[in-house]
Structures are given as C-alpha cells and as structure tokens.
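I opened my notebook to look up two things: the empty space inside and the way two helices pack. Here is the structure I worked from.

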Amino acid sequence: MRRGCERPDLGGCRRRRRWRLRLSIPDGAFHLWFVLFSRCFMSFGEGSAALTAQNSGSFSMYSPGPSDSPSDLFSPIQISPSVVPHALPPMVPTPPMYPYFPSAPDPVLTGRCPVNISAINDTVERTAVDCSAPLATLLGSVICCPQFDSMLRIFQGEYSSATGSLVLNKTVAKDCFRDLTSVLISSGANGSISSLCSIKSSNLTGGSCPIKTLVDFEQTVNTSKLLDACTTVDPLRECCRPVCQPVIAEAAVRLASRDSSSLSKNDALESPSEQVIVDDCKGVVFAWLAKQLNFDEANNAFRILTSCKVNKVCPLSFEDMSAVVEACSGLAPKNTSCCSSLNDYILTLQKQMLITNKQALNCATLFGSMLEKKGIVTDLYTLCEIDLKDFSLQDSGQQGCLLRSLPTDVVFDYHTGVSFTCDLSDNIDAPWPSSSSLSSLSTCASASLPALPTSETSGYLGDCGIRVDYYLVTVLCILLIKFF
C-alpha cells in the first residue's frame, strides 16, 4: 500500500507501512499448527532460507534473534557469503521451505454409502489439498469452496452411473456426505469445510426439482445441445459471452416446468419459489453433465462456471467506516489524517482473505461507492495512493497477493512445498467509482486487467525472479511467530 503522499512540502504526509494480521486456529487442528510453528521456528532460527527478488515486489524470509525487539522482528537477516550456495545459476532460488504434517487418522465411514469413493480418488485428493486446514479460511471463496462443490457434482455423476438416479435420497445423502467429508478431513482438509462453504448433504438430493432420474432427464432436455455447449468451456469467453451457462439455465427451466403449469409459454418465472425450483434443477443438470464427462472435463467445466459467479462479487465484509468518513469529509480533506484513517481501515480488510484481481476491482468499486453515499466527494484512492492489491492479504513486505481470476489450485508436495499463483503483474491503481479510470477497466477478458506473464519455469512469473511457492509459507510462519 502506498501510504500518504510523497510531497510533505505540499501538505502531504510521510509514508507509513504497517502489517497486521490475526491468525485464528481451526478447532481440532492445533497439533498441525504446532508442528508448522515448530518447523518454521527452526528454519527461521537457522537463518537458512532467504529469498529476495530484483524488483520492488520481492518477498523475504526473516530470522528473529533472541534479542530482537518487536519492531526489529521483520528486519532482513544478514547471511554470510560463505553459506550462500554457489552451485545454483543466477535467479534460481533454493528449494522452498515446507511444513511437515503428521499423518491424519483413517476416515471413519458409515458403510452405508453405495458409491465407492475411491472411484473419484483424484478429485477427492485435489479437493483435500485445495481445502487444506491452514489455507481453507484464506482461500475458501476462490479455491476451496468451488472445488468442494465440483467434487460433489462429480460424486453425483458417479452415483447416477450405478443407480440411474441423478440425486440421492435424504438418508443416503447424509451417509455419503459424512463419508466424503471424513475422507477429506483425514487427507488434510479443514475440519469445518462444510460450514465454511455453506454446503450440506441436501445439495445432493435435488431439492424440489421434479425430475430426478436419468431416463426422465433425457426425455425432457435436449442433451445433445447441452453436451455441445458444456463439454469444453472456454475460460476466457464463458464469463463475458457465455455459451454453457444459458444452456444449463434453459435445461433447468425445462426440468422445473415438466410437471408445472405455473410457467408461461416463454418459460418465465412468476414467483420466487419457482426460482428455487429452477436452482435445484440446475444441480440435477450438473449431475447429468458429471456423468457424461470424464472427471477432469467435468471438474474443469464446473470450476470455470463457478469462477464466473465468484468474480462478479466482492467477498469482503465492510464494517463501520465512520472514522474514514469523519476524517475525509469535505471538498479538500487533510491528507495526513484522511489517509491515515483510510489506511487503518483497509488494514482491517487485509486480514480477511485472499481475493482475485477481479474481486479486488469489485471491492474497490463497492467500497468507494459506500463512501460516496456517505458524502465523500474526493477521490480518496488517488489522494492516498491505494492499489487493487491493497484489498487482499499482505505479506510482511506490504506486497498484496491477488489471485488470478481463472480457476487455480493449491499445490502441496515434498518437492515444491505449498504454493499457489499470485498475479504479480497487477500493479493497478484502485479506480474511484465516479472517475474515468473505472470505465477503462473491464471485468471481461477482452479488455481487462493485465494478462499474467508466462514462463516454462515452474514457480516463476515472467522474469521477475520471484518464487511464489515461498509466499504462503512465509506468511504462515510469520503469522505463527506473531501469534505466539
């Protein structure tokens, strides 16, 4: 975040950098956090890991000493040249530090779910990593929950292949949902994944949709049209010029109107209760698609469709902003007090979660609009130099991580550690709602935020020399040290 103003002689204020994050430990996962803390503490104590980049967006590993004061806790460590490895070529970082998680207990299964969960083992393992205990609360709305929902759809498709029914009855749904979550948790997923994502066993039942069997579905819906539109979903076009989404909606309306006369000849909905039925029928359509497509095709399609919805909203919660309104009201607010109050408020937003670049644009627009409604007439983002990255979680060096708007997954193994991709190219000023800069930013792929730099080297983004694998573990380790 660019604090205050660069010209004190013009009434500006000094740059002020602070980083504050509060860590909440999930219930039942304290032993995992303790092990992670111990591993990070030893690594920091040894001073064996240091990473810098050649640009201002670099991340650093830090090593607190016994005599360090709180203000010196995050000062860069000094490493003797004698311990720096000379065998590595320039710009290639050392292997990332990664935590060790003890083996989780075996899942406790009900024995009453008719589907062999191992049949979708790859999808389950991917979901467990995307929803891993330390990360789920930070990545829930963008990575974890979309993948969890996709896994359930694929499970429904597997169930329909064995039974001919596209949905589960309530009793079987409860048993299978319990088994699925038990397997996920035993594989390292967050123990509160169901409540975190607001997904219940009833999501597998088809709700109030009148069509629930494979035979009735194929007699009602134009299945060829559905497959043509949704077998391959274009991640760049679907969210702006949708092809699959309208066909799914059309199929859902057909299912909902099969035994109902309340829909008009134009398939228009006449009441909110009818929209609920259509939404339930969309779940049945997804289950049918999951049966027809292979697991990777289905997962890819479902994740892209979910990302279209996810990137249309701002997932952040905006609490009382009266302090900002009071400090920044008037035609010419004082830079020092206004920007100080605004920066303090944005720091509270940064504690919440990691968001995508398009979500950051939505959040900046929403926050600015809320301030305008409260009487703020000045472009505070320009006045206080606020970037889109300022709306997402920050690391110790005040570098925000904006996730890509396209679906992505968390990677965890013993070679690369914990990693996910940050869109480090998004150095974009936050647009004030009433400014002309907002119209130049589109949420569609054709004229949008800068494209990600690409590289064939794993873990790199373009030529920045930044190993993003380190980012999250650095954040987690620093959080744990700060927490304890």
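I began with the lining of the largest cavity, where α10 gives the most, with 4 residues. I kept in mind that this is a predicted model.

**Entry 1: cavities**

How many cavities of 30 Å³ or more does a search of the whole structure find? I got 3. I then noted the space in the largest cavity, about 70 Å³. Its lining is made of 13 residues. I wrote down those closest to the centre: Val142, Ser307, Ser405, Leu406 and Pro407.

Next I asked which elements give two or more residues to this lining. They are α3 (136–163) and α10 (295–310). I also sorted the lining by class and found 5 nonpolar, 6 polar and 2 charged residues.

**Entry 2: a helix pair**

Two packed helices are described by the angle between their axes and the distance between the axes. So I looked up both for helix α7 (residues 223–230) and helix α8 (residues 244–256). Their axes come within 8 Å and cross at roughly 155°. Angles over 145 degrees count as roughly antiparallel, so α7 is roughly antiparallel to α8. I noted the hand too: α7 passes α8 in a left-handed crossing.

Which residues make the contact? From α7 I listed Lys225, Leu226, Ala229 and Cys230. From α8 I listed Cys244, Val247, Ile248 and Glu250. By class, the residues of this contact are 6 nonpolar, no polar and 2 charged.

Terms used: Residues are numbered from 1 along each chain as its sequence is written. This is a predicted model: local features need pLDDT of at least 70, side-chain atom pairs count only at pLDDT 80 or more; totals for chains, interfaces and linings use all residues. Side-chain values use heavy atoms; hydrogens and water are left out. On a 1 Å grid over the protein atoms alone, a cavity is a set of points where a 1.4 Å probe fits but cannot get out, and a pocket is an open set with protein on both sides within 12 Å along at least five of seven lines; lining residues have an atom within 4 Å of a point. Grid points are joined across faces, edges and corners, and a volume is the space filled by probe spheres set on the points. Ala, Val, Leu, Ile, Met, Phe, Trp, Tyr, Cys and Pro count as nonpolar, Asp, Glu, Lys and Arg as charged, and the others, Gly among them, as polar. Axes are lines fitted to C-alpha atoms, for helices over the stretch in contact, and angles run from 0 to 180 degrees between N-to-C directions. Angles under 35 degrees count as roughly parallel, over 145 as roughly antiparallel, 65 to 115 as roughly perpendicular and the rest as oblique. A crossing is left-handed if the near helix is turned anticlockwise from the far one by less than a right angle, and right-handed if clockwise. Contact means heavy atoms within 4.5 Å.
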